[in-house]
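Reader: I'd like to practise reading a fold with you. Could we take the features one at a time?

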Amino acid sequence: MVKGSPGIHAQANKNPVAQTGSRSRSLTQNEGMGELRIVAGGIQLSGQAMVLDALLASTIRSRKGQHISIESSRNFTVNARDEGGRVVNRIFLGNDQLECLAREFKVTDARGTVLFSASKHEVVVGAKVLRVTGEGGAIFDGTVQTPIVRADSGHELRLESPTRSLKVRAPLGVLIESRAGDISASCLTDLKLQSLAGAVRLDSANVFLPGLKTAPPPLPGAPPPAVPRRPNSPRHEIFQLCVCSNGKLFLASPEGVCAADDDSVVCR
């Protein structure tokens with residue numbers, strides 16, 4: 001069923017399938033058939049029309065400023081065919097689903113900017129922000145390339161790989177920032193911070209290492225305790241951990257002074 005306000009136009013093909021006599025044609029053009037009138041360039045329908053079979057037309061439009069509605073009791077399908085008659089694009093609207101068959105699907109705004117596009121090779125989201133509101137977050141099987149990953153204000157951001165590894169890479173740098181909360185990094189085995197050509201900087205007024213073990217001081221005049229060692233096992237020596245004025249850490253012997261010369265390369 002095709003509904004519309006008075007003045008729905010259907011422009012048919014240029015070559016009609018069948019032609020009536022001149023008298024019938026003249027009568028139809030002047031008076032029409034009920035709400036259906038043949039006008040210059042097509043057919044004008046006022047009211048509703050029920051299409052029992054196929055409707056072939058090059059253009060279906062309503063009068064300027066009026067709406068048009070297309071209804072179906074079960075589903076609605078729009079096909080586009082190529083020169084060989086093969087379906088190349090299809091839109092299927094069912095009771096509980098919407099399917100689109102096309103080589104490329106694209107959504108743009110009024111200015112022509114691509115907001116979303118999907119093809120066989122890639123899916124592009126051109127909107128300024130991609131917001132995922134599901135409780136389970138977003139799950140990606142492959143690689144995700146984006147300039148920023150951010151949580152909404154007042155919500156946590158978690159990057160997690162339950163059974164495999166998680167890698168964050170960038171050619172110029174990786175910035176992890178929390179402006180109103182904490183940043184937590186936890187792992188089962190080792191947490192490694194490695195810089196190949198630069199340094200690892202902890203820029204903070206307070207640096208806490210609460211889990212470090214403390215060795216008890218030896219009693220005055222008591223010989224050092226004998227620690228049984230396995231053959232060929234390395235000997236663990238204890239040093240002093242010292243800090244330069246620029247924040248650089250270095251080790252000093254346990255008997256010496258925790259200081260470095262002015263011309264030493266330790267604090268450079």
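Author: What follows goes through a sheet, an aromatic pair, the salt bridges, the cysteines and one proline. Keep in mind that this is a predicted model.

Reader: Let's start with the sheet. In what order do the three strands sit, and is the pairing parallel or antiparallel?

Author: The general idea is that strands of a sheet pair through backbone hydrogen bonds, in either a parallel or an antiparallel way. Here the order is β11-β12-β13 in an open sheet, and the pairing is antiparallel. β11 and β13 (123-125) are the edge strands, each with a single partner, so one side of each has no neighbour in the sheet. From one strand to the next, the twist averages 5 degrees.

Reader: How many bridges join β11 to β12, and which residues in β12 partner K106 and E104?

Author: Five bridges hold those two antiparallel strands together. K106 has S117 as its bridge partner in β12, while E104 is partnered by S119 of β12.

Reader: And what about the turn between β11 and β12?

Author: Those two strands make a hairpin, with five residues between them. Look at G112 in that turn: its phi is positive, at about 90 degrees.

Reader: How many bridges pair β12 with β13, and how many residues lie between those strands in the hairpin?

Author: Three bridges, again in the antiparallel sense. This hairpin has three residues between its strands. To find your place on the β13 side, use V123, which A118 stands opposite.

Reader: Now side chains. What should I expect of them along a strand?

Author: In a regular strand, side chains alternate between the two faces of the sheet. With that idea in mind, have a look at the aromatic residues on these strands.

Reader: How many aromatic pairs does the structure hold, and how should I classify the geometry of F105 and F116?

Author: There is one aromatic pair. The ring centres of F105 and F116 are 6.4 Å apart and the planes meet at 65 degrees, so the pair is edge-to-face; the cut-off for that label is over 60 degrees. The pair ties together distant parts of the chain, since F105 belongs to β11 (residues 104-108) and F116 to β12 (residues 114-119), 11 residues apart.

Reader: Are those rings buried or exposed?

Author: Neither label fits. F105 has 38% relative accessibility and is therefore partly exposed. F116, at 31%, also counts as partly exposed. Partly exposed is the class between the 20% and 50% limits.

Reader: Next, charges. How many salt bridges are there?

Author: The general idea is that side chains of opposite charge can pair when their charged atoms come close. In this model the count is three. One of them involves residues we've met already: K106 bridges to E104, with the closest N and O atoms 4.0 Å apart. K106 is partly exposed at 46% relative accessible area, and E104 is partly exposed at 48%.

Reader: Which residue does R111 meet in a salt bridge?

Author: R111 meets D109, with an N to O distance of 4.0 Å. Check the accessibilities of the two partners: R111 has a relative accessible area of 75%, so it is exposed, whereas D109 at 24% is partly exposed.

Reader: And which residue pairs with D82?

Author: That one is R86, at 3.2 Å from N to O. D82 is partly exposed, with a relative accessible area of 27%. R86 comes out as exposed because its value is 57%, and the exposed class starts over 50%.

Reader: How many disulfides does the structure hold?

Author: Zero. If you want to look at cysteines anyway, try C100 and C187. C100 is partly exposed at 44% relative accessibility, and C187 is partly exposed at 42%.

Reader: One last stop, P254. Where is it found, and which residues is it in contact with once its neighbours within four places in sequence are left aside?

Author: P254 is in the segment after β15 (249-252). With those sequence neighbours set aside, P254 is in contact with I238, F239 and Q240. For F239, 15 residues away along the chain, the C-alpha separation from P254 is 4.9 Å. P254 has 44% relative accessibility, so you'd file it as partly exposed.

Notes
Residues are numbered from 1 along each chain as its sequence is written. This is a predicted model: local features need pLDDT of at least 70, side-chain atom pairs count only at pLDDT 80 or more; totals for chains, interfaces and linings use all residues. Side-chain values use heavy atoms; hydrogens and water are left out. Helices (H or I, at least four residues) and strands (E, at least two) are DSSP runs, numbered from the N terminus. Buried means under 20% relative accessible area, exposed over 50%, partly exposed in between (1.4 Å probe, protein chains only). Contact means heavy atoms within 4.5 Å. Rings of Phe, Tyr and Trp (its six-membered ring) pair if their centres lie within 6.5 Å; planes under 30 degrees apart count as stacked, over 60 as edge-to-face and the rest as tilted. Two strands pair if DSSP finds at least two bridges between them. Axes are lines fitted to C-alpha atoms, for helices over the stretch in contact, and angles run from 0 to 180 degrees between N-to-C directions. A salt bridge is a side-chain nitrogen of Lys or Arg within 4 Å of a carboxyl oxygen of Asp or Glu. A disulfide is a pair of cysteine sulfur atoms within 2.5 Å.
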